[in-house]
Amino acid sequence: MNLDLYRGSGVVKRYIYNPILTKDDIPYQVSSVYNPAIAMYQDKYVLIFRSARLNGRSILGKAISTDGLNFDVDEEPFMLPEGDGYFGRYESAGIEDPRITKIGDEYFITYSAYSEYGVRIGLAKTVDFKKVERIALITSADHRNIVIFPEKFGSDYVRLDRPHSDIIPWSIWVSYSNDLVHWGRSDILIKPKSYHWDELKVGPGSPPIKTKEGWLSITHGVYTTMSGSVYRLGVALHDLNDPSKIIGISDEWILEPEDDWERVGYVPNVVFCAAALKEGDFIRLWWGGADSVVCTGIARVEDLVGKCLKNSRKAL
């Protein structure tokens with residue numbers, strides 16, 4: 001990794017040639033490209049990203065890279081909203097914000113499915129990123145931002161999510177399943193903190209990454225200002241054997257909108273990360289900027305863990 005390609009005084013260092021994907025890189029007509037998921041497949045980086053068509057409805061595209069910086073985008077979208085049937089009923093207004101978790105030789109993709117009936121979470125899988133199979137809608141309305149841990153804990157798969165409702169604080173919850181389809185035993189883990197950078201919402205970002213200190217989870221937090229909301233990134237550390245135990249959650253954000261393409265765009269003042277991979281002593285991150293472009297950067301594992309352990313706040 002060439003560290004000279006990254007800059008910044010914070011924990012997350014930005015790639016000096018950001019943004020790495022814009023709508024001009026997409027071979028079909030879209031108005032934006034952002035909020036990607038990431039996976040390694042056959043020694044290449046596979047980016048599944050969200051784009052908005054000119055009717056405002058979201059679809060998922062795919063791009064491939066050998067270095068995680070320079071991507072070639074497929075000529076056609078990777079996933080479109082289902083046109084009819086059970087999935088079609090709940091995807092009629094678009095599919096958004098994917099996450100990828102590799103379990104065994106299969107890659108599981110969660111995504112937000114929008115319709116006139118609210119937002120649900122769809123689960124799909126692929127083994128080659130050419131064919132994708134829808135498995136189930138794994139929530140009722142309204143949920144968003146589901147990330148699945150890449151290992152089972154005993155007989156359980158474990159996920160984090162954020163209920164999408166004004167009735168309760170927009171918080172991070174944990175749920176369990178033995179088949180990835182039927183989930184239960186839900187429990188609240190992390191809630192927004194008043195008068196804080198995540199006062200309005202706190203939710204999962206990328207699927208958790210295993211470190212020797214615990215499961216590292218990139219989160220998002222939202223604060224409402226007089227000129228609109230600001231989306232920032234945070235980080236939490238979960239117990240290796242029991243992800244429902246929070247070892248620490250950083251009191252401070254790790255990334256906020258700074259560059260022009262993060263502060264100005266379709267939705268201003270947004271950084272939103274659903275894609276992260278561990279490479280040696282670093283976590284590589286890919287995030288959406290202002291709901292318009294894709295950016296990337298790196299952070300040292302020890303710095304992110306240190307944020308959770310040395311300057312932690314209460315989770316609830």
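1. A word on classes to start, since the lining counts depend on it: Ala, Val, Leu, Ile, Met, Phe, Trp, Tyr, Cys and Pro count as nonpolar, Asp, Glu, Lys and Arg as charged, and the others, Gly among them, as polar. Please also keep in mind that this is a predicted model.

2. Let's take the enclosed space. There is one cavity of 30 Å³ or more, and the largest cavity holds about 30 Å³ of space. Its lining is made up of Trp 197, Asp 198, Val 202, Thr 219, Gly 234, Val 235, Ile 249, Ser 250 and Arg 313. Sorted by class, that lining gives four nonpolar, three polar and two charged residues.

3. On to the open sites. The largest pocket has a volume of about 390 Å³. Its lining counts 25 residues, and those nearest the centre are Tyr 34, Arg 50, Glu 96, Val 267 and Asp 291. Two or more lining residues come from each of strands S3 (32-41), S4 (44-52), S7 (94-103) and S11 (143-148). S3 contributes the most, with three residues. The class split here is nine nonpolar, eight polar and eight charged.

4. The second largest pocket offers about 300 Å³ of space. Of its 16 lining residues, Ile 38, Ile 100, Lys 102, Ala 276 and Leu 277 lie nearest the centre. S3 and S7 each supply at least two lining residues, as do strand S16 (209-211) and strand S20 (271-279). This lining has 12 nonpolar residues, one polar and three charged.

5. One thing you may like to look at on screen: strands S3 and S7 appear in the lining of the largest pocket and also in that of the second largest pocket.

Notes. Residues numbered from 1 in each chain as written. Predicted model: local features only at pLDDT ≥ 70, side-chain atom pairs only at ≥ 80, totals over all residues. Heavy atoms only, no water. 1 Å grid on protein atoms, 1.4 Å probe; cavity = no way out; pocket = protein on both sides within 12 Å on 5 of 7 lines; lining within 4 Å. Points joined across faces, edges and corners; volume = space filled by probe spheres on them. Helix = DSSP H or I, 4+ residues; strand = E, 2+ residues; numbered from the N terminus.
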